[in-house]
Structures are given as C-alpha cells and as structure tokens.
Amino acid sequence: MPHADSSLVPESIQTKSEFWEHIHDQLEALLEGQRHWISNLANASSLIFNSLLSFPKFFGSDDTKAVNWCGFYIDSTLFPAPTFPASNVADDSNRLLLGPFCGKPACQFIQTAPGKARGVCADAFLKRETLVVPEVDLYPGHIACDGETKSEIVVPLVHKIGDDVRIYGVMDLDCLAVNGFTEEDRVGLEKIADLIVNACNW
C-alpha cells in the first residue's frame, strides 16, 4: 500500500473513538522500523492532519470546522547542537522549539521558563497533562499563531520509565470551530502520543 493511503478514512468509521483507533493503527504501521523522532513526528503530523481532512462527519475540509494545524513543539535540549557554532546562536534553554507540523507557519518557539511561560502549549508541558480549550480567546495568555483558530487541544509527550518521568514536548492541534475537541479526542490523542513516545529514540 502506498504510504499516502494511510490517511484515507474508511466510510465505515462513524465515531471519533473509531477514528482515533484507526489513526493509531495506521501510525503504528508507518512508524515501524524507524526510531528517529524527527522522521516519526513528521509522518505523525501529516497522517493526523490529512486524516482529519478526510473525516467530514466531525472535521473535514469545511472552513468552519476543520483542524487547521497539527504538529509538535519539542524541548529545545533534544535538538542537535549546531555543527558550526556561531556567536549569534540564540539561547534556547527553557523553550519548546517548533517541530514537524502541517498547517500555516507557526511560532518558532514557546517559553517555558518560570515567569515567562504562557499559552496552552507551555501550560500543558509544565503541568504534564492534556489541555482541551473550547475557546482559545478566553484562555489566559493564549498565543495566537493563527487568528482563525477557535479551539485547541495540547497533549504532552510524557515517557514513564519506572519512577522516572520524562517529558519531550507536546502535540498541538488547532481547530476553526469553537468546541472542536471533546473527551473522545483527548482519549484518542493521548493513546497516539504514548505510541509516538515509545516509538522514538529521544
């Protein structure tokens, strides 16, 4: 099967729970044999974004309810160091840096330092919990990368190894509709985030 066909959603899928289970299975197959996080996050963002466009019952390509952004912000310490360091290299400590995504251009980084952190992604990262925001304009400190976005869900990429809990970043989805995301989306995306975390070498 061509890799692009992974994003096709069968007509038999009618609920969000069925949809996210389907995406999980498709992503699991796509990630097989590859453990580099950049490659895996690139395929994950593309699969989720394009599958959502193919699911008109809840999302689809309708410009009043579509998911308009899907991607990742990753802890800056996980990015490779510059091969040729320069004196003007930015200090990226206490930041999430923009990772693979699908959608319009987005914020290059998000502050996570105490006193500077703001926005849904920073809060989900620091709290280590999924945040479902029904209406972003009402969220304190919301960072508006795209003014058309009305709702958002951010899922932390958390890895539990015994008593050691590590967080690598967040998965972020934006929607053009108010109340675009529900509890079903949270459950489905948390399972997908867990798959991604365990499929990668960080």
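**Exercise 1.** How many positive and how many negative side chains does the protein have, and how far apart do the centres of the two sets lie?

*Solution.* The model is predicted. Counting Lys and Arg as positive and Asp and Glu as negative, one obtains 15 positive and 28 negative side chains. The centres of these two sets are 5 Å apart.

**Exercise 2.** Determine what the radius of gyration of the protein indicates when set against that of a compact globule.

*Solution.* For 202 residues, a compact globule would have a radius of gyration near 17 Å. The protein has 17 Å, so the two agree. Along the principal axes, the C-alpha trace spans about 55 × 40 × 35 Å. Buried residues constitute 48% of the 202 residues.

**Exercise 3.** Describe the order of helices and strands along the sequence.

*Solution.* The secondary structure consists of four helices and six strands. Their order is α-α-β-β-β-α-β-β-β-α.

**Exercise 4.** Is strand β6 largely enclosed or largely open, and why?

*Solution.* Buried here means under 20% relative accessible area. Strand β6 covers residues 164-175, and nine of its twelve residues are buried; therefore β6 is largely enclosed by the rest of the structure.

**Exercise 5.** Identify strands that pair with β6, and state the sense of each pairing.

*Solution.* Strand β1 (residues 67-75) pairs with β6 in the antiparallel sense over seven bridges; within this pairing, F72 has M171 of β6 as its bridge partner. Strand β5 (residues 151-161) also pairs with β6 in the antiparallel sense, over eleven bridges. There, I161 is bridged to D164 of β6. Two residues separate β5 and β6 in a hairpin, and G162 in the turn has a positive phi of about 65°.

Key:
Residues are numbered from 1 along each chain as its sequence is written. This is a predicted model: local features need pLDDT of at least 70, side-chain atom pairs count only at pLDDT 80 or more; totals for chains, interfaces and linings use all residues. Side-chain values use heavy atoms; hydrogens and water are left out. The radius of gyration is taken over C-alpha atoms; the globule rule is 2.2 Å times the number of residues to the power 0.38. Buried means under 20% relative accessible area, exposed over 50%, partly exposed in between (1.4 Å probe, protein chains only). The place of a charge is taken as NZ of Lys, CZ of Arg, CG of Asp or CD of Glu. Two strands pair if DSSP finds at least two bridges between them.
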